[in-house]
Amino acid sequence: MVFEPEALVGTRIDRYRLLELIGVGGYGAVYRSEHELLGREVAVKVLRRPPDGGDHEVRRFMQEAQAASVV
């Protein structure tokens, strides 16, 4: 399966509408998104592929999420 970040713009993942592609990196893509119930803008990262269960990938993703959530 080929990862096409632009193709996800305008789609919905759970309660998040992906509005605009912000950037693409080695692990995936980040989108300016809106939480549809709260009407709040957030950034959503979509991984290029699901983690293969390797602790390193999961740990790195969680560290990035925690760092990004600091206000």
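I13 stands opposite Y16 in strand β2, and that pair is a handy way into this predicted model. The pairing belongs to an open sheet of 4 strands, in the order β1-β2-β3-β4, with antiparallel pairing. Below you'll find the sheet, its core, two residues worth a closer look, and a word on confidence.

**How the sheet is put together**

- At the edges of the sheet sit β1 (12-13) and β4 (40-47), and each of them pairs on one side only.
- Between β1 and β2 (residues 16-24) there are 2 bridges, in the antiparallel sense.
- Moving along, β2 is joined to β3 (residues 28-35) by 7 bridges, and these two strands run antiparallel as well.
- One spot to look for on that seam is V24, whose bridge partner in β3 is A29.
- A29 also has a bridge partner in β4, namely V46.
- In total, 8 bridges hold the antiparallel pairing of β3 and β4.

**The turns between strands**

- β2 and β3 make a hairpin, with 3 residues between them.
- β3 and β4 make a hairpin too, this one with 4 residues between the strands.
- Keep an eye out for G39 in the β3 and β4 hairpin, as G39 takes a positive phi near 65 degrees.

**What sits in the core**

- The largest nonpolar core has 7 residues, and they are F3, L18, L21, A29, Y31, V44 and V46.
- Strands β2, β3 and β4 are the elements that give two or more residues to this core.
- Two of the core's members, A29 and V46, are the bridge partners from β3 and β4.
- L18, another core member, touches plenty of residues beyond four places away in sequence, including L8, V9, G10, T11 and I13.
- L18 also touches Y31, R32 and S33, along with V44 and V46.

**A closer look at Y16**

- Y16 is found in strand β2, where it stands opposite I13.
- Is Y16 buried, exposed or partly exposed? Its relative accessibility is 28%, so Y16 counts as partly exposed.
- Setting aside neighbours within four places in sequence, Y16 is in contact with T11, E34, H35, V42 and V44.
- One of those contacts, V44, is also a member of the largest nonpolar core.
- Y16 and A43 are 27 residues apart in sequence, while their C-alpha atoms are 9.5 Å apart in space.

**A closer look at T11**

- You'll find T11 in the segment before β1.
- With a relative accessibility of 29%, T11 counts as partly exposed.
- Which residues does T11 contact, leaving aside neighbours within four places in sequence? They are Y16, R17 and L18.
- The side chain of T11 has a polar atom 2.5 Å from the backbone oxygen of L8.
- T11 and E36 are 25 residues apart along the chain, and 12 Å separates their C-alpha atoms.

**How confident the prediction is**

- Across the protein the average pLDDT is 87, and 92% of the residues score at least 70.
- Among the elements, β2 has the highest mean pLDDT, at 97.
- Helix α1 (residues 55-68) has the lowest mean among the elements, at 80.

How values were computed. Residues are numbered from 1 along each chain as its sequence is written. Side-chain values use heavy atoms; hydrogens and water are left out. Two strands pair if DSSP finds at least two bridges between them. pLDDT is the predictor's confidence in each residue, from 0 to 100. Buried means under 20% relative accessible area, exposed over 50%, partly exposed in between (1.4 Å probe, protein chains only). Contact means heavy atoms within 4.5 Å. A nonpolar core is a set of buried Ala, Val, Leu, Ile, Met, Phe, Trp, Tyr and Cys residues joined through side-chain atoms within 4.5 Å. A polar contact is a pair of N or O atoms within 3.5 Å; within protein, one must be able to donate a hydrogen and the other to accept it, and residues adjacent in sequence count only if both atoms are side-chain atoms.
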